[in-house]
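Welcome! Let's take a friendly walk through a protein model, one feature at a time. Have the structure ready to turn as you read.

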Amino acid sequence: MAAAEQPRARGAQRRERRRNARPNARAEVRMRGGRPREAQEEILLTPWRSFPFEDSDPFALMDEEKWDFVLVSDIHQMGSEKEIKRKKFLDELSKKGFTIKKIEDRKLFYGVRAPKHFFRKYQWLLRNPDSRLQDLNAQQDIPVTTRIRIVNFILHNTVTPDLEKLHDLMKKNVFEAAFPLHEKEEVREFLKEKWARWRDIFCQQPIEKIRCYFGEKVALYFAWLGWYTYLLGFAAAAGLVVFVAGITVFNSSQVSKEICEANDTIMCPLCDQKCPFWLLADTCTYARVTHMIDNEGTVVFAMFMAIWATVFLELWKRQRAQVVTNWELYGWDEDEEELAMELINNLQHEPRRYRHSYFRSTIVLLLVLLMIVVLIGIAHALVIYRVVATALFTQSDSEFFREQANLVAVMTGAVLHYITIVIMTKINRRVALFLCDLEKPRTFSQRENNFTIKIFIFQFLTNFSSLIYIAFFLGRINGHPGNYVRIAGKWRLEECHPSGCITDLFIQMAIIMMLKQTISNVVEYLVPWLAHKIRKRQKRPRKKHLVLGEEEEVEDPCKKQWLSNYQLNEVNVFSLFDEFLEMVIQYSFTTIFVAAFPLAPLLAFFNNLFEIRLDAIKMMRLRRRMVPRKANDIGIWLQVLEAIGILAVIGNGLVIAITSDFIPVQVYKYTYSPCMKENNTAIDCSTGYINHSLSVFHIKHFEPDTNLATEILDLVNGTTMCRYRDYRNDEDYSYTVQFWHVFAARLAFLILFEHVALCVKLIAAWYVPDVPLSVKNHLLDEKHNNLRKELSMMEYSTEV
């Protein structure tokens, strides 16, 4: 019993010390306004047990302290320049009425709490002017997310006597970090248990709870991502059906059969030096895979995805309208809120005027074009790699590399492209930020929009430049035997397989998407997890060794919380931007070249199921709390997604018209096939297509420096000709009439496909209203009720 009474006695002693400390705190608050001049040289720091009672949360436990932000600094030498700057900044916060608490460990931690009058002013300024109360003190409790946002704005816009802000001080290492705290509150515990867990991967997201903890901008991101993933399920199902349908014709395609049976069709060498002639039948498997992808279902699926992209965006607009209406943010004005916070921070503030400099715009435009040229140059370097790699593999001692030279070059080129994407992503970010600094945007939102446009352009070219080459240029600018187009006059450009280039595009997209969605996600999770573990191990609080007879000092309850938050990974203003950019690039892969890779929506769907929980775990468990930001839409990303939708129509139209063999096969069927000559329904109309699509080249016309194999081997059997993929005559190697027929058909299909797809998109956009009728009627009723209330109040005042 005596042992049980000891903890109770110690607890009573601690409560008694707290009661004795609180009068001192009130006295300290009353002294702030009239402290002597010599005391102003010292920064006013509220002892950890002596915070102002009137600023405490009435709903919190008595022993619990609430702090808006924590500033972290190294322990600088007394009297050093950094220490003086730190004191000046903290003194400016004290003058504004902030309560400041200092805790010393390996670092200096300063907890700051803003006075209530900041939040009363905010509520007064941004309340509906038609319904403002005359009593300034009559207000509702302000949300924690709004409180953090206001304090963050004031901290970053507080100016020291040296005209330095917090951002400048952090650059000079006066402060190391500034962050809001993850509090042990009900909402956070709910999100950790019901949202930020892998086991909830198929559960619906608690968007309202996310909004209450992270703010509207983060909540809208997860609402958009969840809606995108939900509708992606339909696209994934359609793509899977098309792919399975392609598998069913794996062995039944007439074109594939002709290639597999072409044992007497001798093809021209794939390189200039010691490359043998080869039989078309040797590529039987490659041809079957090609026609598994390239079939009539691909055209239907490309049209479906064009419509899907439009319907997805229109339905998201409706979903967004419902969500922000429930949040009462439908008519929210970002500029008005920023001006209000500027005035709350400094009543003498003058708004920054809208300005435009044609000189700056010209410089930025030229630098953007220069960066685009650099990215195109990198794409050319990848092309050169494929050309050189193909030539080297064909001369390899390994039989496998010689026979599969083109395939190996394509796959290694795709891996190299992925590595390029990883490296250029970091460079693109730095360049885009530099260009934004040159523009000097007026507000943060304008800076974010400018940055978004630039980084998306750079990332789009980085991700898609190699794909664009494979889809639209590979095998079309390489010349023909006897007159090849060469790089540096030595290496000739690649050729397409006789069954088409679409398999190369399929391989490239499959490798890039799988690498991005496996390696990138693993790195995205493991890097912050390992960094958190390392920081936690390195920065454990120091344990004080007690002298015999010395009473153990009661540990500050804030110390553990602040240290645990500090040990989490840092967040910045672009943390959420990175998540948006990752998903928008994925959306581009899913829509633009989906005709060549029907499984792209399926891979994206499964990736997003994990991505939602991965982002949730990072935000709740591995990163510091993100500063909440208010928003009523996803910003300029919506315009980016609409632009991608248009590019998807153009891209898929070009893939079917140029990359695919769909058009040449159809031209052959309805112009040159046996079906047009005979009324025999038993004949497949594509019979003879392969022979029709291959041109003849006379071996004697090879270029002088071409070094053929020392022996033509038994393969040639005295034949003086070889075949290659093109529509050219065998005399002067000029284009045949068939080439121009196919060219005209490709052009006609492209124009028809794009116009039909765009018309369907416009009809779908018109048919599905952006704003649901329920939202329109709600806003109408709200306006009507407000006007009726105002009229009633006017009549009542007149009667009185």
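## Two helices that cross

Helices H6 and H20 cross in a left-handed way. Keep in mind that this is a predicted model. To find the pair, look for H6 at residues 186-194 and H20 at residues 600-622. Their axes come within 10 Å and cross at roughly 140 degrees.

Which residues meet here? From H6 come Arg188, Leu191, Lys192 and Lys194, while H20 brings Arg613, Met620 and Arg621. Sorted by class, this contact between H6 and H20 holds five charged residues, two nonpolar ones and no polar ones.

## A nonpolar patch on the surface

Next, turn to the surface, where Phe359, Ile363, Leu365, Leu366, Leu367, Leu369, Leu370, Val374 and Phe434 form a nonpolar patch. Together these residues have about 850 Å² of accessible area.

Which helix gives the most to this patch? Helix H13, which spans residues 358-394, does so with eight residues. Ile363 is a residue you can look for in H13.

## Salt bridges

How many salt bridges does the model have? The count comes to 33. One salt bridge to look at joins Asp74 and Lys107, whose closest N and O atoms are 2.4 Å apart.

This pair links distant parts of the chain, with the two positions 33 residues apart in numbering. Asp74 sits in the loop between strand E1 (69-73) and helix H2 (81-95). Lys107 belongs to the loop between strand E2 (99-104) and strand E3 (108-113).

How values were computed:
Residues numbered from 1 in each chain as written. Predicted model: local features only at pLDDT ≥ 70, side-chain atom pairs only at ≥ 80, totals over all residues. Heavy atoms only, no water. Axes fitted to C-alpha atoms, helices over the stretch in contact; angles between N-to-C directions. Helix = DSSP H or I, 4+ residues; strand = E, 2+ residues; numbered from the N terminus. Left-handed = near helix turned anticlockwise from the far one by under 90°. Contact = heavy atoms within 4.5 Å. Nonpolar A, V, L, I, M, F, W, Y, C, P; charged D, E, K, R; others polar. Patch = residues over 30% accessible without salt bridge, like charges linked within 9 Å, V, L, I, M, F, W, Y side chains within 5 Å. Areas by Shrake-Rupley, 256 points an atom, 1.4 Å probe, with all protein chains shown as cover. Salt bridge = Lys/Arg side-chain N within 4 Å of Asp/Glu carboxyl O.
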